[in-house]
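Welcome, and thanks for taking a look at this structure. Have the sequence and the 3D view open together, and let the points that follow guide you from place to place.

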Amino acid sequence: MSTTTIAWIALPFFVGFVAYLFPKLDRYLALCVALVSGTYALLLFVTSPLSLQLLDSFGVTLLVDRLSGYFILTNALVTAAVILYCWRSGKTAFFYAQIIILHGSLNAAFVCADFISLYVALEVIGIAAFLLIAYPRSDRSIWVGLRYLFVSNTAMLFYLVGAVLVYQVHHSFAFAGLRGAPIEALALIFLGLLTKGGVFVSGLWLPLTHSESATPVSAMLSGIVVKAGIFPIVRCALMFDEVDAIVRIFGVGAALLGVLYAIWEQDNKRTLALSTISQLGWILAAPEVGGFYALAHGLVKSALFLSVGTLPSRNIKELQHQPIGTAIWIVLVVGSLSISGFPLLVGFGAKMSTLNNVLPWQTIAMNVAAIGTATAYARFIFLPHQRQERQQEVNYGFWVAVTLLIGALVVTNVLYYEAYTLENIVKPLAIVGVGWLAYLTIFRRTVLRLPRMLEQFEHLIGVMSLMLILLFWMAWA
């Protein structure tokens, strides 16, 4: 298994180079890499955890277990769906090479158990994501990409200083070194990871970046790329009780902040992006089941971004007076029901497993966030729709991609079949009902523009500084 793991990590980087040399094979090679990762992820659910010491003197370690399996499986399915979506789009070999490299660096991040190898993986992820965001080469896409790269690199600078402080104390970069490290190390590392993952106010770079990127890139960013910053936070929370408490606080804050903005947003792509902030909070609110929730969110958010990209308008008010195709509407409904926690889809099991594992002080806030999520996504469920004759307007790759993702939403539902008790079924149905009622009676006709000041480029670094002060205080307390 050790040799297989090393070969699996190296494969995407080798194939990415080969795909660029042989452009006629680019799509097929990219899809094969995703399938290999999916197969490897499934093996992790039936094998024992594996730990590999690469550099003993520096604590460079790989840890492959069930938690890694959830994130790797999400990466495989989302990447495969994006490749299928782009199959007949005329994308160049450069695009597919970057998709493969991004996929491989994400896999590497999901098996890292030390801060320095994680740093390398996160930096490669940032560069590959930037190249994909800027791929259209328009002035807007280049600016959005550079903005993302600047925020990412600044966050990683804070992170690297924290990692060096851990090494200074223990002469090891292993995650375990966080215990006994100075509070400055914890604050700096978590500032970098929270920013990279798009959590709470440090993730306010996310709405513009995800909403202004091309449709398949938005699906990758929201579906899996932000999980690279989330995974190590979850891993550390499971290792240290004191970290777990801090992570849960940020989880609740992100869940409420994101859904508050998503409910009032009129731009559909921004709604999905703001909802991502909220859903990342759900992952952190109960770290012991965070991997399962990450899988559920990655699948549904990718499907929703691909679907919204086919709509005639991004403005929800315009769509309320412009019927969309019934087939597209069905995809939007299935995705909205899953993320709202409706039974028979993986979102139900993920939602219930999280609500069943939160601490008493989190319960009210997370239930409010659940109602808010149902309210935010009711906009898609109650859109007018009609059968359209010209279905060819939506490309063939879209249907293949969403079929894969929706099929996965149904199949992965069995991972938490214990959730199907009468009490657990009634609760989410009540939450969804209240959310829909709130939408129909209040939010459907009301327009409120919340301030976007903190999303402005010049304020993003200032927000990081405030987050660093908050983290110092929390670590000290």
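Arg140 is a good place to begin: this residue is partly exposed, with a relative accessible area of 43%. Please keep in mind that you are looking at a predicted model. From Arg140 we move on to other charged pairs, then to a pair of helices, and finally to two serines.

**Salt bridges: Arg140 and Glu212**

- The side chain of Arg140 meets that of Glu212 in a salt bridge, with 3.7 Å from N to O.
- Glu212 belongs to helix 8 (residues 206-212) and Arg140 to helix 6 (residues 139-170), so this pair links distant parts of the chain, 72 residues apart.
- Like its partner, Glu212 counts as partly exposed, since its relative accessible area is 29% and the buried class stops under 20%.
- Across the model, the count of salt bridges comes to nine.

**Salt bridges: Arg270 and its two partners**

- Which residues pair with Arg270? One of them is Glu265, whose salt bridge with Arg270 has its closest N and O atoms 3.1 Å apart.
- Glu455 also forms a salt bridge with Arg270, and here the closest N and O atoms are 2.9 Å apart.
- The pair of Glu455 and Arg270 links distant parts of the chain, as the two residues are 185 residues apart.
- You will find Glu455 in the loop between helix 19 (422-443) and helix 20 (457-476), while Arg270 sits in helix 12 (residues 268-285).
- Are Glu455 and Arg270 buried or exposed? Both Glu455 and Arg270 are buried.
- For Arg270 the relative accessible area is 5%, and Glu265 is buried as well, at 9%.

**Helix 13 and helix 15**

- Helix 13 (residues 290-308) and helix 15 (residues 326-340) have axes that come within 9 Å and cross at roughly 150°.
- Because of that angle, helix 13 runs roughly antiparallel to helix 15; the cut-off for this class is over 145 degrees.
- The crossing of these two helices is left-handed.
- On the side of helix 13, the contact is made by His297, Val300, Lys301, Leu304, Ser307 and Val308.
- Helix 15 contributes Ile328, Val331, Leu332, Gly335, Ser336, Ser338 and Ile339 to the contact.
- What classes of residue make up this contact? There are seven nonpolar, five polar and one charged residues.

**Ser307, a close-up of the helix contact**

- Ser307 is placed in helix 13 and is buried, with a relative accessible area of 0%.
- Leaving aside residues up to four places away in sequence, Ser307 touches Ile328, Val331, Leu332, Phe398 and Val402.
- Among these, Ile328, Val331 and Leu332 are residues that helix 15 brings to its contact with helix 13.

**Ser222, another buried serine**

- Ser222 lies in helix 9 (residues 215-225).
- How is Ser222 classed, buried or exposed? Ser222 is buried, with a relative accessible area of 0%.
- Apart from residues up to four places away in sequence, Ser222 touches His210, Lys227, Thr276, His297, Lys301 and Phe305.
- Two residues in that list, His297 and Lys301, also take part in the contact that helix 13 makes with helix 15.
- How far is Ser222 from Phe240 in space? The two are 28 Å apart, C-alpha to C-alpha, with their positions 18 residues apart in sequence numbering.

Conventions:
Residues are numbered from 1 along each chain as its sequence is written. This is a predicted model: local features need pLDDT of at least 70, side-chain atom pairs count only at pLDDT 80 or more; totals for chains, interfaces and linings use all residues. Side-chain values use heavy atoms; hydrogens and water are left out. Axes are lines fitted to C-alpha atoms, for helices over the stretch in contact, and angles run from 0 to 180 degrees between N-to-C directions. Helices (H or I, at least four residues) and strands (E, at least two) are DSSP runs, numbered from the N terminus. Angles under 35 degrees count as roughly parallel, over 145 as roughly antiparallel, 65 to 115 as roughly perpendicular and the rest as oblique. A crossing is left-handed if the near helix is turned anticlockwise from the far one by less than a right angle, and right-handed if clockwise. Contact means heavy atoms within 4.5 Å. Ala, Val, Leu, Ile, Met, Phe, Trp, Tyr, Cys and Pro count as nonpolar, Asp, Glu, Lys and Arg as charged, and the others, Gly among them, as polar. A salt bridge is a side-chain nitrogen of Lys or Arg within 4 Å of a carboxyl oxygen of Asp or Glu. Buried means under 20% relative accessible area, exposed over 50%, partly exposed in between (1.4 Å probe, protein chains only).
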